[in-house]
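This report describes the fold, the strand pairing and selected residues of one protein chain. The sequence and the structure are shown first.

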Amino acid sequence: MTENIEQMQKRHEKEKITLQAKCKHKESKWMIYSWAPGHYGGNVRACTFCGKIVEREGITEKDLLTPFDKFEEERGITKTKDDM
Ligand SMILES: [Zn+2]
């Protein structure tokens, strides 16, 4: 049987879910989470064995800002209500 990439990914996804369900997540470490390459998504603590995210830095108001707002904020150019 020959699988295409999509079928293979689906199979691996299933395996991952099974693995994560069985795992006790004894060891984990903080790492930078990217939801897509180059897109910083905050820090998460993931199990070193199965890769499941066991803890996530709280979703703050910052996460709701556009990347441009975020950039400005990092540069210390934060807008206040008085500026609007
Ligand atoms: Zn685990």
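## Trp 30 and the overall fold

Trp 30 is located in strand 1. The model is a predicted one. Is Trp 30 buried or exposed? Trp 30 counts as exposed, because 12 or fewer neighbours is the criterion for that class and Trp 30 has 11 C-beta neighbours inside 10 Å. Once the neighbours within four places in sequence are set aside, Trp 30 is in contact with Asn 43 and Arg 45. Trp 30 is also paired in the table below with Glu 57, from which it is separated by 27 residues in sequence.

The protein contains 2 helices and 3 strands, and the order of these elements from the N terminus is α-β-β-β-α. Buried residues account for 0% of the 84 residues in the protein. Of the contacts between residues at least 6 apart in sequence, 21% link residues at least 24 apart.

### Confidence

The mean pLDDT of the protein is 79, and 67% of the residues reach 70 or more. Among the elements, helix 1 has the highest mean pLDDT, 95, whereas helix 2 (residues 67-74) has the lowest, 58.

### Helix 1 and the loop that follows

Helix 1 covers residues 5-22, which amounts to 18 residues. From its first C-alpha to its last, helix 1 reaches 26 Å, close to the 26 Å expected at 1.5 Å a residue. Why does helix 1 lie largely in the open? The number of buried residues among its 18 is 0, so helix 1 lies largely in the open.

His 25 belongs to the loop between helix 1 and strand 1 (28-36). Although His 25 is not a glycine, it has a positive phi of about 50°. Most residues other than glycine have a negative phi. His 25 counts as partly exposed because it has 17 C-beta neighbours inside 10 Å, a number that lies between the limits of 12 for exposed and 20 for buried residues.

### The hairpin of strand 2 and strand 3

Strand 2 (residues 39-47) pairs with strand 3 (residues 53-56) in the antiparallel sense, over 3 bridges. Which residues of strand 3 stand opposite Val 44 and Ala 46? Opposite Val 44 stands Arg 56, and opposite Ala 46 stands Ile 53. Between the two strands of this hairpin there are 5 residues. In the hairpin, Gly 51 takes a positive phi near 80°.

Glu 55 has its place in strand 3. Glu 55 counts as exposed because it has 12 C-beta neighbours inside 10 Å. Leaving aside neighbours within four places in sequence, the contacts of Glu 55 are with Val 44 and Arg 45. Arg 45 is thus in contact with Glu 55 and is in contact with Trp 30 as well.

### Residue pairs separated in sequence

The table lists the sequence separation and the C-alpha to C-alpha distance for two pairs of residues.

| Pair | Separation in sequence | C-alpha to C-alpha distance |
|---|---|---|
| Trp 30 and Glu 57 | 27 residues | 9.8 Å |
| Glu 55 and Ser 28 | 27 residues | 9.3 Å |

Terms used: Residues numbered from 1 in each chain as written. Predicted model: local features only at pLDDT ≥ 70, side-chain atom pairs only at ≥ 80, totals over all residues. Pairing = 2+ DSSP bridges. Helix = DSSP H or I, 4+ residues; strand = E, 2+ residues; numbered from the N terminus. Contact = placed C-beta atoms within 7 Å. Expected span 1.5 Å × (residues − 1). pLDDT = per-residue confidence, 0-100.
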